[in-house]
Amino acid sequence: MIICLPNGTVIHHINANYFLDITSMKPEDVESSIFSFSSNFDDPSTATYLQFLKEGLQRAKAYLQN
């Protein structure tokens, strides 16, 4: 999965296999703070995808402020 600007600049990406692997883990087994299950969603894949999108927006700010 990727998040990119209209001009094709890749802002953020994640390998789909890695996404599936990390969402199949128990929350206490996940060491990365990037993919935290501490949101309001019960479904780990929804929470992880939401975190992925939030991080993409944060990374895009640098490009959009110019």
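Let me start with Ile-11. In this predicted model, leaving aside residues up to four places away in sequence, Ile-11 touches Ile-3, Cys-4, Leu-5, Gly-56, Arg-59, Ala-60 and Tyr-63. Ile-11 also belongs to the largest nonpolar core, which has seven residues. The other members are Ile-3, Leu-5, Ile-14, Phe-19, Phe-52 and Ala-60.

Now the overall layout. The protein has two helices and two strands, and from the N terminus on the order is β-β-α-α. There are 66 residues, of which 26% count as buried. If you take contacts between residues at least 6 apart in sequence, 41% of them join residues at least 24 apart. The exposed area is about 4800 Å², with carbon and sulfur atoms supplying 53% of it.

Next, helix α2. This helix covers residues 44-64, 21 residues in total. From first C-alpha to last, α2 reaches 30 Å, close to the 30 Å expected at 1.5 Å a residue. Which residues of α2 are buried? They are Ala-47, Thr-48, Phe-52, Glu-55, Gly-56 and Ala-60. Two of the names on that list, Phe-52 and Ala-60, are also in the largest nonpolar core. As for what covers the buried residues of α2, the cover includes strand β1, residues 2-4, strand β2, residues 10-13, and helix α1, residues 16-23.

Glu-55 takes us to the charged side chains. The count of salt bridges comes to one. The pair is Glu-55 and Arg-59, whose side chains meet at 2.6 Å, N to O. In general, side chains of opposite charge can pair when their charged atoms come close. How are these two placed along the helix? Glu-55 and Arg-59 are four residues apart in α2, so about one helical turn separates them. The two ends differ in exposure. Glu-55 has 14% relative accessibility and therefore counts as buried, while Arg-59, at 38%, is partly exposed. Arg-59 is also one of the residues that Ile-11 touches.

Last, the surface. Met-1, Tyr-49 and Leu-53 form a nonpolar patch there, and together they have about 240 Å² of accessible area. Leu-53 sits in helix α2. Is Leu-53 buried, partly exposed or exposed? With a relative accessible area of 31%, Leu-53 is partly exposed. Leu-53 comes just after Phe-52 in the sequence, and Phe-52 is on the buried list for α2.

To recap the helix: α2 carries the buried residues Phe-52 and Ala-60, the salt bridge between Glu-55 and Arg-59, and Leu-53, a member of the surface patch.

Technical notes:
Residues are numbered from 1 along each chain as its sequence is written. This is a predicted model: local features need pLDDT of at least 70, side-chain atom pairs count only at pLDDT 80 or more; totals for chains, interfaces and linings use all residues. Side-chain values use heavy atoms; hydrogens and water are left out. The expected span of a helix is 1.5 Å times one less than its number of residues. Buried means under 20% relative accessible area, exposed over 50%, partly exposed in between (1.4 Å probe, protein chains only). Contact means heavy atoms within 4.5 Å. A nonpolar core is a set of buried Ala, Val, Leu, Ile, Met, Phe, Trp, Tyr and Cys residues joined through side-chain atoms within 4.5 Å. Patches are made of residues with over 30% relative accessible area and no salt bridge: like charges are joined within 9 Å, nonpolar side chains (Val, Leu, Ile, Met, Phe, Trp, Tyr) within 5 Å. Accessible areas come from the Shrake-Rupley method with a 1.4 Å probe; for residues, only the protein chains shown count as cover. A salt bridge is a side-chain nitrogen of Lys or Arg within 4 Å of a carboxyl oxygen of Asp or Glu.
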